[in-house]
Amino acid sequence: KNKKVNPFQNNRVSEILSQIIPNGERNQLVSATPEWKRLQKHADYIKGTHLKDLLKDPVRSDTLYATHDGVYLDYTRNRITLETMKLLN
């Protein structure tokens, strides 16, 4: 009698997503994924690293930036490494 009805059940977006995301993974929290666990472990490791030490790495400084339409985004002022970016991709 109290059957839950998904309002998006017949939604086109839901149909498209069901083709992209397998049923078993659709309701999984991102924090339960192996990717999240690896990122969390990395965050615990990098927490002990001081930003001044990260800024000394020339490869990191030459890599952690992006430009778009004349806007320069400098990621070096964040406590991230090339490994962090790899894990986020």
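**Exercise 1. Find which element helps cover the buried residues of α3.**

Step 1. Helix α6 is among the elements covering the buried residues of α3, where contact means heavy atoms within 4.5 Å. Helices (H or I, at least four residues) and strands (E, at least two) are DSSP runs, numbered from the N terminus.

Step 2. This is a predicted model: local features need pLDDT of at least 70, side-chain atom pairs count only at pLDDT 80 or more, and totals for chains, interfaces and linings use all residues. Residues are numbered from 1 along each chain as its sequence is written, and side-chain values use heavy atoms, without hydrogens and water.

Step 3. The buried residues of α3 are Leu39, His42 and Ile46. Buried means under 20% relative accessible area, exposed over 50%, partly exposed in between (1.4 Å probe, protein chains only).

Step 4. Viewed down the axis of α3, these buried residues fall within an arc of 60°, so they line one face of the helix. The arc is that of the directions from the helix axis to the C-beta atoms.

**Exercise 2. Place leucine 64 and state its burial.**

Step 1. Leucine 64 sits in the loop between α5 (58-63) and β1 (65-68).

Step 2. Its relative accessible area is 3%, so leucine 64 is buried.

Step 3. Leaving out residues up to four places away in sequence, leucine 64 touches eight listed partners, including Leu73, Tyr75, Thr76 and Met85.

Step 4. Twelve residues separate leucine 64 and threonine 76 along the chain, and their C-alpha atoms are separated by 5.7 Å.

**Exercise 3. Classify tyrosine 75.**

Step 1. Tyrosine 75 lies in the loop between β2 (71-74) and α6 (82-88).

Step 2. Tyrosine 75 counts as partly exposed because its relative accessibility is 32%.
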